[in-house]
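Visitor: I have a model open and would like to talk through its geometry. Could we begin with the terms and then look at particular places?

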Amino acid sequence: MINVTKSYLPDLEEYTEYLKGIWERVHLTNDGPLLRRLEGEMKDFLGVKHLKFCSNGTIVLQMALKAMNITKEVITTPFSYVATTNALLWEGCTPVYADIRPDDFCIDPDKIEPLITEDTQAIMATHVYGNACRIEQIQTIAEKYNLKVIYDAAHTFGATYKGKSILSYGDISTCSFHATKVFHTVEGGCIVTNDDDLAQKLHHYRSFGHRNDEYFSVGINAKNSEFHAAMGLCILPKVQALIEARKQVFAWYDERLDFSRISRPTLTPGVSYNYAYYPVVFDSEETLLHVVDALKAQEIVPRRYFYPSLNTLPFAAGSEPGAPCPVSEDVSLRVLSLPLYPDLPEADVDRIASIINQEVAVRSAEVL
Ligand SMILES: *Cc1c(COP(=O)(O)O)cnc(C)c1O
């Protein structure tokens, strides 16, 4: 079985060394020493000012909204994992969907401005597949209308824009360290900001709003444990090598796929990529479904990242009449993420590419 991704696991002995320390200290969670060390190492690795290691990549989006008092309309992308929209709905905000760019599938800044009303408070955009949004254009709009910018940067660990971590942009950026992501802590995530006051607020939010017996604010339980931090400490030093290995797999696909009939999203100029995903776009959903069947028959499991277009979700659509998003609705029907992980063998990439090329060729012959 070849899945869309396979979690990297460090040497068991290395992880066990950390466990011995946990057993000695009996400090399992609540701002423990491994968590603090991981936060420090991640800040150095990413070059960001404030970073809070939290329990997942969804709760940090919710904390971002709460920390900036965002309760009304938020302009967001229809092309992302469902968590982006869920966070908004869960916090009682109204998602207003701006369509995506047809080349890189990130939010289209030109579609944002016409959607701004007096209730618009923020822009929540996703750096799709680890590629950066049009950051400067979004910032210009945000400044003009006094909006906050939150980036769901769940895919971007290790990717940079203009030489800086993509996580360093926006008022707040968040990341996920779920087992399927480029860098993982089994479950986990982080929230990043350059603002000292926000960082202090988020620190309290993470543990119920209190520290010891002092109560500072409302809060939630977004803490993470020493066991998760230990996994992060094992994997972080290897991230660069893991990204290099992903880059090689990426190149093998590039060499083998027949791009006369399929395409790939483009990268934003200025991005140094982390090779988080390998999405391909087919001519139609029918072709995509045929390819999925052909791959599944060989026990190869791609995933429809991202489908459906979030503006079509019944529980999201009711919230705001909103304009349709024809680009996102179209792309989401035709895009498929192929298996991509550091130790995916070249022979498997060969096999996957052959199946796809053959299926696409057969389909286009049938259509003619
Ligand atoms: C994975 C992901 C999330 C959610 O992260 P979890 O850690 O699983 O909660 C949020 N947004 C995007 C874009 C993601 O891909």
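Guide: A salt bridge is a side-chain nitrogen of Lys or Arg within 4 Å of a carboxyl oxygen of Asp or Glu. Please keep in mind that this is a predicted model.

Visitor: How many salt bridges does that rule find across the interface of domain 1 and domain 2?

Guide: The rule finds 0 salt bridges across the interface of domain 1 and domain 2. Polar contacts are another matter: 15 residue pairs, both at pLDDT 80 or more, are in polar contact between domain 1 and domain 2.

Visitor: And which parts of domain 1 touch domain 2?

Guide: Helix H4 (82–90), strand S4 (94–97) and strand S7 (160–161) each supply at least two residues of the side of domain 1 that touches domain 2.

Visitor: Where are the bounds of the two domains?

Guide: Domain 1 covers 12–237 and domain 2 covers 239–367. Their C-alpha centres lie 25 Å apart, and 44 residues of domain 1 are in contact with 38 residues of domain 2.

Visitor: What area do domain 1 and domain 2 bury between them?

Guide: They bury about 3300 Å², with 65% of it on carbon and sulfur atoms. Tyr97, Tyr129 and Val182 supply 21% of the area that domain 1 buries against domain 2, more than any other three residues.

Visitor: Changing topic: which residue does the UniProt annotation "active site" cover?

Guide: That annotation, from an unreviewed UniProt entry, covers Lys181. Lys181 is found in the loop between strand S9 (172–176) and strand S10 (189–193).

Visitor: Is Lys181 buried or exposed?

Guide: Lys181 counts as buried because its relative accessible area is 17%, and buried means under 20%. Leaving aside residues up to four places away in sequence, Lys181 touches Ala154, His155, Ser176 and Tyr277.

Visitor: What about the backbone; which residue in the loop between S9 and S10 has a positive phi?

Guide: Val186, in that loop, has a positive phi of about 75° although it is not a glycine. At 37% relative accessibility, Val186 is partly exposed. Asn69 also has a positive phi, of about 55°, and is placed in the loop between helix H3 (59–67) and strand S3 (73–76). Asn69 counts as exposed, at 56% relative accessibility.

Visitor: Why remark on such angles?

Guide: Most residues other than glycine have a negative phi, and most peptide bonds are trans.

Visitor: Where are the cis bonds, then?

Guide: The peptide bond from Tyr305 to Phe306 is cis, with omega near 0°. The bond from Tyr307 to Pro308 is cis as well, with omega near -5°. Phe306 is in the loop between strand S15 (300–301) and helix H11 (314–317), and Pro308 is in the loop between S15 and H11 too.

Definitions and conventions. Residues are numbered from 1 along each chain as its sequence is written. This is a predicted model: local features need pLDDT of at least 70, side-chain atom pairs count only at pLDDT 80 or more; totals for chains, interfaces and linings use all residues. Side-chain values use heavy atoms; hydrogens and water are left out. UniProt positions are given in the numbering used here, feature names are shortened, and annotations may be inferred rather than shown by experiment. Helices (H or I, at least four residues) and strands (E, at least two) are DSSP runs, numbered from the N terminus. Buried means under 20% relative accessible area, exposed over 50%, partly exposed in between (1.4 Å probe, protein chains only). Contact means heavy atoms within 4.5 Å. Domain bounds come from an automatic or database domain assignment. Buried area is the accessible area (1.4 Å probe) that two parts lose on being put together, summed over both. A polar contact is a pair of N or O atoms within 3.5 Å; within protein, one must be able to donate a hydrogen and the other to accept it, and residues adjacent in sequence count only if both atoms are side-chain atoms.
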